[in-house]
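Thank you for making room for this on the agenda. I would like to walk through one structure, beginning with the places where ligands sit and ending with the chain as a whole, so please keep the view open while I talk.

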Amino acid sequence: MLCLSWRPYLLVLLFLCLAGHLNTFDVIVGNNELVYNGFPPDMNLGGQALWRGNFLSLTGALGGTSGHVFCSYPLSFQNHPGSPISSFSTTFVFVMDFNNHHKGNGLTFMLSSTSDLPDNLPGQYLGLPYSNSDVHVFFAVEFDTVLNPEFGDIDNNHVGVDFNSLVSVESQTAGFYDYIGEFQTIVLESEKTVQSWVDYDSKSHQLNVTLAPCYISKPQIPLLSTTVNLSSLLSLGPVYAGFSASSGKGSSGHYVLGWSLKLDGVAQPLDYTVLSIREFESHGPNYLIRGAPSIVLAVFLIVLAVLICRHLRKAKEDDDWEIKCGMPSFTYKDLVTATEGFSNKMLLGKGGFGRVYKGVLPTTTQHVAIKRVSPESKQGKKEFMAEIAILGHVRHRNLVQLLGYCRYKQELLLVYDYMPNGSLDKYLYDKNTPTLDWARRLHIIKGVASGIFYLHEDWEQVIIHRDIKASNVLLDDDMNGRLGDFGLARLHDHGVDAHTTHVAGTWGYIAPELARLGKATKATDVFAFGVFIIEVVCGRKPIGPASTSGDLLALADWVRGTWQGGSIIDAVDSELKDYDTTEVELVLKLGLLCSHSLSRLRPCMRLVMLYLEGGARLVDFQPASLVAGGREDEKVDEAVCASSATTVTIISGR
Ligand SMILES: *[C@@H]1O[C@H](CO)[C@@H](O)[C@H](O)[C@H]1NC(C)=O
Ligand SMILES: *[C@@H]1O[C@H](CO)[C@@H](O)[C@H](O)[C@H]1NC(C)=O
């Protein structure tokens with residue numbers, strides 16, 4: 001009945017949408033910088049390139065097409081002849097979607113002396129000019145899925161650097177070096193969003209190309225590093241920057257979602273929250289493409305109308321959850337089916353936050369872990385749901401991915417990736433589970449460190465985990481450690497009200513100032529991480545009986561005592577054989593430092609990563625200096641940790 005009056009809403013909405021539509025792009029353009037978080041319509045499009053709302057499509061729906069797009073104004077790399085030539089740095093996010101197994105060709109980032117490219121044969125040469133270029137000088141980084149050995153390609157999934165010729169100066173299999181320096185292949189045509197960085201130094205002529213799955217921060221080691229003298233192009237006058245692509249026989253899509261470029265500086269990071277990444281990752285681009293814009297708009301308006309009706313109806317039911325969650329949600333029915341009615345045989349465990357069930361999603365047969373929680377606080381549900389939405393966007397290979405949620409009555413059901421190998425504490429304490437060797441343990445420690453580092457410093461908003469512990473570290477198929485439950489501690493912490501005495505976290509991992517003041521910070525996470533890594537080396541619980549008296553003792557104090565009474569190595573798990581004593585010693589000492597009782601003497605996660613990777617050396621110290629006040633004179637590396645001084649948290653305490 002309320003819906004009878006939806007028409008005026010629709011008109012107003014239609015207007016707002018159209019007006020808002022033109023303003024959804026976050027665009028910064030200047031003489032030496034451009035940032036496109038999504039694309040405006042005013043770019044120079046050529047060939048089959050199309051602007052599709054918030055992203056660019058370079059090849060058309062038909063096979064055998066090519067297209068290119070350039071920033072609408074040229075860049076100037078040199079002020080006047082003889083003056084220094086600018087360096088540049090650029091980053092962009094793209095997707096290649098080759099449906100129906102038709103291969104496309106690939107996509108390039110290009111700098112060109114002209115924006116007026118001839119339409120070369122459709123579907124060929126990645127949309128690059130293929131002529132004896134007296135007229136066109138160009139430089140391109142190609143993301144190529146076709147093997148043309150005569151062009152210097154090494155395989156059918158490579159990244160290459162081209163200068164004035166389609167024969168690559170250098171070419172490498174697409175992929176990236178992860179934080180431990182291992183090479184991981186990226187399949188370009190996997191429909192996954194990929195981010196690339198291209199950095200050029202005009203003095204040394206060094207060119208680096210780096211690639212990573214979207215959401216992983218820029219890898220330290222570039223995929224490809226070569227020297228190429230671009231002076232002849234960059235000193236030529238106006239230079240046009242943009243992208244080109246071509247498709248093969250069948251229809252295939254090449255999309256650019258966002259782009260940032262800067263001369264003589266580091267390109268601004270992209271704002272993932274406004275790029276169309278999720279649309280691509282959850283539905284594939286065809287979901288967006290197939291519907292003509294008008295249909296999309298119509299559907300959008302109908303959905304809006306329905307939402308408004310719902311909203312009006314629900315306005316009175318103020319006890320109801322209210323969300324504007326941008327992430328996939330599951331139906332309660334699906335989750336009931338997935339867990340065979342939440343049967344006990346599907347129960348994986350019971351944690352502080354509720355029960356966790358294993359489930360098999362009926363539609364995709366994907367294995368998932370489903371956590372049933374009943375948030376205690378009635379207040380702040382709205383904020384909480386907003387936070388859940390943010391957590392859904394957090395992606396890192398050492399974090400357990402939140403796939404979606406479902407709300408049912410007062411319950412919230414969170415759906416996560418299923419981790420087949422269970423939690424780490426089982427491997428440390430369960431006598432029936434094989435013990436992990438040192439290499440494995442160190443790998444897990446480094447992985448968890450990298451996950452926390454990502455939450456603290458790498459993601460656009462700081463996220464405090466609040467409950468780092470061995471039972472929250474889960475092991476995936478390849479026995480990589482992944483941290484679960486991030487951000488969830490808020491559920492049970494009563495809004496961090498000064499009047500409550502309840503502190504979220506787990507005894508043994510709670511920093512002294514957290515117990516005292518009740519405020520979780522990055523430093524309280526570092527404290528818990530310190531206890532955690534000691535636990536992994538010693539194979540002992542964070543609080544346990546002292547060997548002689550039987551009184552309870554904190555693990556860090558026990559290790560310090562062992563160290564003072566002899567060697568720190570005596571604290572190592574007796575199950576552990578064949579370990580590298582320097583590594584073990586480093587981890588134990590780092591653990592003690594991280595769990596220092598004075599928060600300002602704990603290192604930040606950036607520094608922790610450097611210590612673990614050997615990028616920085618841990619200053620030698622004596623066990624006595626760990627007692628509060630002892631290390632007053634020594635400070636953690638402030639330059640490295642400067643950014644961690646301000647602690648902001650999305651988990652807004654009140
Ligand atoms: C290329 O990468 C190397 C190794 O990380 C680095 O030392 C160099 O400064 C980089 N060059 C540019 C132009 O970014
Ligand atoms: C780079 O190219 C420019 C223009 O072609 C040339 O003048 C310069 O000597 C080259 N630099 C080096 C180091 O080869």
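Around ligand 1 we find Asp199, Asp201, Gln206, Asn208, Gln220 and Pro222, and I should say at once that what we are looking at is a predicted model. Two of these residues bring polar side-chain atoms to the ligand: glutamine 206 places one at 2.9 Å from a nitrogen atom of ligand 1, while asparagine 208 has an N or O atom in its side chain at 2.3 Å from an oxygen atom of ligand 1. On its own ligand 1 has 360 Å² of accessible area, and the protein covers 50% of it. If you look for the elements behind this shell, those that contribute two or more residues are strand S14, residues 194–201, and strand S15, residues 206–213. Sorted by class, the shell around ligand 1 holds one nonpolar, three polar and two charged residues.

Let us turn to ligand 2, which is surrounded by His205, Asn229, Ser231 and Ser232. Here asparagine 229 has a polar side-chain atom 2.4 Å from an oxygen atom of the ligand. How much of ligand 2 does the protein bury? Of the 360 Å² that ligand 2 exposes when taken alone, the protein buries 30%. The shell around ligand 2 divides into four polar residues, with no nonpolar and no charged ones.

The next topic is backbone geometry. Most residues other than glycine have a negative phi, and with that in mind I would like to point out some exceptions. Asparagine 164, which is not a glycine, has a positive phi of about 60°, and it is found in the loop between strand S10, residues 158–163, and strand S11, residues 170–173. Methionine 479 likewise has a positive phi, near 60°, and its place is the loop between strand S24, residues 473–475, and strand S25, residues 481–483. Are these two residues buried or exposed, or something in between? Asparagine 164 is partly exposed, because its relative accessible area is 30%, whereas methionine 479 counts as buried, because its relative accessibility is 15%, and the cut-off for buried is under 20%.

Another positive phi, of about 50°, belongs to lysine 409, which lies in the turn of a hairpin formed by S22 and S23 with two residues between them. In that hairpin, strand S22, residues 402–408, and strand S23, residues 411–417, pair in the antiparallel sense over six bridges, and tyrosine 408 stands opposite glutamate 411 in S23.

I would also like to show you one residue in a helix, namely threonine 562, which is located in helix H12, residues 555–565. Threonine 562 is buried, as its relative accessible area is 16%. Which residues does threonine 562 contact, once its neighbours within four places in sequence are left aside? The contacts are with Ser567, Asp570 and Ala571.

Finally, let us step back to the chain as a whole. The chain has 15 helices and 27 strands, and of its 654 residues 52% count as buried. Among the contacts with a separation of 6 or more, 66% are between residues 24 or more positions apart. The chain exposes about 29500 Å², of which carbon and sulfur atoms supply 54%.

Methods
Residues are numbered from 1 along each chain as its sequence is written. Chains are lettered from A and ligands numbered from 1 in the order in which they are written. This is a predicted model: local features need pLDDT of at least 70, side-chain atom pairs count only at pLDDT 80 or more; totals for chains, interfaces and linings use all residues. Side-chain values use heavy atoms; hydrogens and water are left out. Helices (H or I, at least four residues) and strands (E, at least two) are DSSP runs, numbered from the N terminus. Buried means under 20% relative accessible area, exposed over 50%, partly exposed in between (1.4 Å probe, protein chains only). A residue is near a molecule or strand if one of its heavy atoms lies within 4 Å of it. A polar contact is a pair of N or O atoms within 3.5 Å; within protein, one must be able to donate a hydrogen and the other to accept it, and residues adjacent in sequence count only if both atoms are side-chain atoms. Accessible areas come from the Shrake-Rupley method with a 1.4 Å probe; for residues, only the protein chains shown count as cover. Ala, Val, Leu, Ile, Met, Phe, Trp, Tyr, Cys and Pro count as nonpolar, Asp, Glu, Lys and Arg as charged, and the others, Gly among them, as polar. Two strands pair if DSSP finds at least two bridges between them. Contact means heavy atoms within 4.5 Å.
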